[in-house]
Amino acid sequence: MVTVAPALPRATARPPHVPAVRHLGPNWYATVMGTAIVAGAGAALPAPLSALPGLRTACAAVWTLSALLLAALLVARALHWTHHRDQARAHLLDPATAPFYGCLAMALLSVGGGALTVGADWIGARAAVALAAALFTAGTVIGLAAAVAVPYLMAVRHRIEPGSATPVWLLPLVAPMVSAAFGPSLVPHLPAGQPRQTLLLACFALFGLSLLAVLVTLPVVFARLLTGGPLPLALTPTVFLVLGPLGQSTTAVGRFAELAPGVVAAPYSTGFQALAVLYGVPVMGFALLWLALACAHVVRAGREGMRFTMTWWAFTFPVGTCVTGAASLARHTGLDCYAWLATGLYVLLVAAWAVAAAHTARGLVSGALLAAPRPAPGAPRPATARTT
């Protein structure tokens with residue numbers, strides 16, 4: 001008699017690994033950006049403010065924290081893509097989330113820039129240059145890819161409703177500007193001649209690329225604010241994102257002016273020095289106007305009951321770029337008013353970072369920030385991908 005073994009039950013699908021990172025989106029890189037800019041902006045303050053006892057040590061400690069955050073997030077995001085690819089693809093197909101892929105590039109670049117300014121105090125000059133070069137290369141490549149891929153997805157795969165523009169759209173477009181501001185710091189570490197000139201002019205090209213892309217996008221965002229009513233409460237802090245390209249471009253032209261002599265021939269080196277003032281002064285004026293407008297929107301949202309979300313990190317990095325921009329103008333004009341402006345903005349930056357960091361730590365401990373998102377009342381309907 002032949003017995004037939006009972007059929008083994010079919011294997012059931014294994015539950016997703018590492019569930020804690022399933023909803024960890026690319027917006028979390030803003031924590032790295034916001035932390036690194038506290039260190040970089042503190043080191044960029046004009047003298048004698050930058051020489052305050054303990055300031056540089058504190059900046060080096062904050063930079064170290066940002067580097068550790070970057071390492072942790074790179075691992076967590078790698079786990080996210082490995083075990084939750086469905087969610088990762090959903091992020092790319094969501095017009096509200098996809099622009100945050102520009103934050104990855106800016107996180108790499110901000111940590112790399114901090115390695116040269118303050119990180120070298122702790123890890124040594126040679127290690128700092130090597131780390132900065134690696135992060136600059138990776139951040140620039142990823143930033144350029146995001147600047148092309150995200151607008152392409154928005155055009156052909158996302159369903160963009162009329163009047164749905166938000167300042168978040170600027171994120172992938174600003175990443176090349178961060179490269180433009182950081183890259184000149186690597187120029188002195190290259191051989192003299194064409195290598196230095198190539199890098200400096202490549203950074204100038206990145207400056208133009210980002211600036212023109214922002215100039216065609218910002219009117220759409222501004223028109224949305226004027227004609228579509230205030231943003232939902234959770235998105236209100238993103239109004240501060242407009243400060244990013246303004247402050248970062250002012251910082252970039254200042255760095256071009258400082259590195260151009262001896263790298264590019266006259267009269268172009270003199271032209272860069274003139275550009276630092278002729279461009280930086282009016283752009284910083286517009287940044288102050290936008291800062292006042294953004295603060296008014298946030299005060300209104302606070303009165304309406306705005307609660308903490310990860311968008312509060314928008315209060316940090318954009319303000320930090322205005323600190324470095326104002327510090328650059330202080331160096332190039334010699335005016336004390338820009339030195340005091342940089343100081344005042346830096347105080348605002350540190351306060352904003354402390355609040356955002358405290359709320360983020362509390363949300364991580366409670367698990368609320370890693371839970372599945374719930375639609376907020378009054379928030380726009382989630383967009384879906386186009387179908388053919």
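This is a friendly conversation about a predicted model, in which a biologist asks for the reasoning behind some of its descriptions.

Biologist: Let's begin with Thr31. Why is Thr31 called buried?

Modeller: Its relative accessible area is 6%. Buried means under 20%, so Thr31 earns the word. You will find Thr31 in helix α1.

Biologist: What makes the link from the side chain of Thr31 to the backbone oxygen of Trp28 a polar contact?

Modeller: The two are 2.7 Å apart. A polar contact needs a pair of N or O atoms within 3.5 Å, one able to donate a hydrogen and the other to accept it. The distance of 2.7 Å is within that limit, so it fits the cut-off.

Biologist: Which residues does Thr31 touch beyond its sequence neighbours?

Modeller: Leaving out residues up to four places away, Thr31 touches Leu69, Leu73, Met310 and Trp313. Contact here means heavy atoms within 4.5 Å.

Biologist: Now for Leu170. How do you know whether Leu170 is buried or exposed?

Modeller: Leu170 has a relative accessible area of 1%. With the cut-off for buried at under 20%, we conclude that Leu170 is buried. Leu170 sits in the loop between α5 and α6, and among the residues it touches are Val214 and Val242.

Biologist: How far is Leu170 from Gly244, in sequence and in space?

Modeller: They are 74 residues apart in sequence, while their C-alpha atoms are 8.9 Å apart.

Biologist: What about Thr236: why is Thr236 called buried?

Modeller: For Thr236 the relative accessible area is 3%, and under 20% counts as buried, so the label holds. Thr236 lies in the loop between α7 and α8, and touches residues including His297 and Met306.

Biologist: What makes Pro267 exposed?

Modeller: Pro267 has 57% relative accessibility. Exposed means over 50%, so Pro267 qualifies. Pro267 is in the loop between α8 and α9.

Biologist: Why is the peptide bond between Ala266 and Pro267 worth a remark, and what is its omega?

Modeller: That bond is cis, with omega about 5 degrees. Most peptide bonds are trans.

Biologist: Let's turn to the core. Which residues of the largest nonpolar core have the most contacts inside it?

Modeller: They are Met106, Leu200, Phe207, Phe240, Leu243, Phe256 and Tyr346, in a core of 109 residues. Helix α4 gives the most to this core, with 11 residues. Another core lies apart from it, with five residues, among them Ala98 and Trp169.

Biologist: What does Phe207 contact?

Modeller: Setting aside neighbours within four places in sequence, Phe207 is in contact with Met177, Ala180, Ser249, Ala252, Val253, Phe256 and Tyr279.

Biologist: One last topic, the second largest pocket. How many residues line it, and which are closest to its centre?

Modeller: The pocket holds about 560 Å³ of space. There are 27 lining residues, and Gly40, Gly113, Thr117, Thr251 and Thr324 are the closest to the centre. Helices α1, α4, α6, α8 and α10 each supply at least two residues of the lining.

Biologist: How does that lining divide into nonpolar, polar and charged residues?

Modeller: The lining has 15 nonpolar, nine polar and three charged residues. Gly counts as polar, so Gly40 and Gly113, both in the lining, belong with the polar ones.

Note on methods
Residues numbered from 1 in each chain as written. Predicted model: local features only at pLDDT ≥ 70, side-chain atom pairs only at ≥ 80, totals over all residues. Heavy atoms only, no water. 1 Å grid on protein atoms, 1.4 Å probe; cavity = no way out; pocket = protein on both sides within 12 Å on 5 of 7 lines; lining within 4 Å. Points joined across faces, edges and corners; volume = space filled by probe spheres on them. Helix = DSSP H or I, 4+ residues; strand = E, 2+ residues; numbered from the N terminus. Buried < 20%, exposed > 50% of the residue type's maximum accessible area, 1.4 Å probe, protein only. Core = buried A, V, L, I, M, F, W, Y, C linked by side-chain atoms within 4.5 Å.
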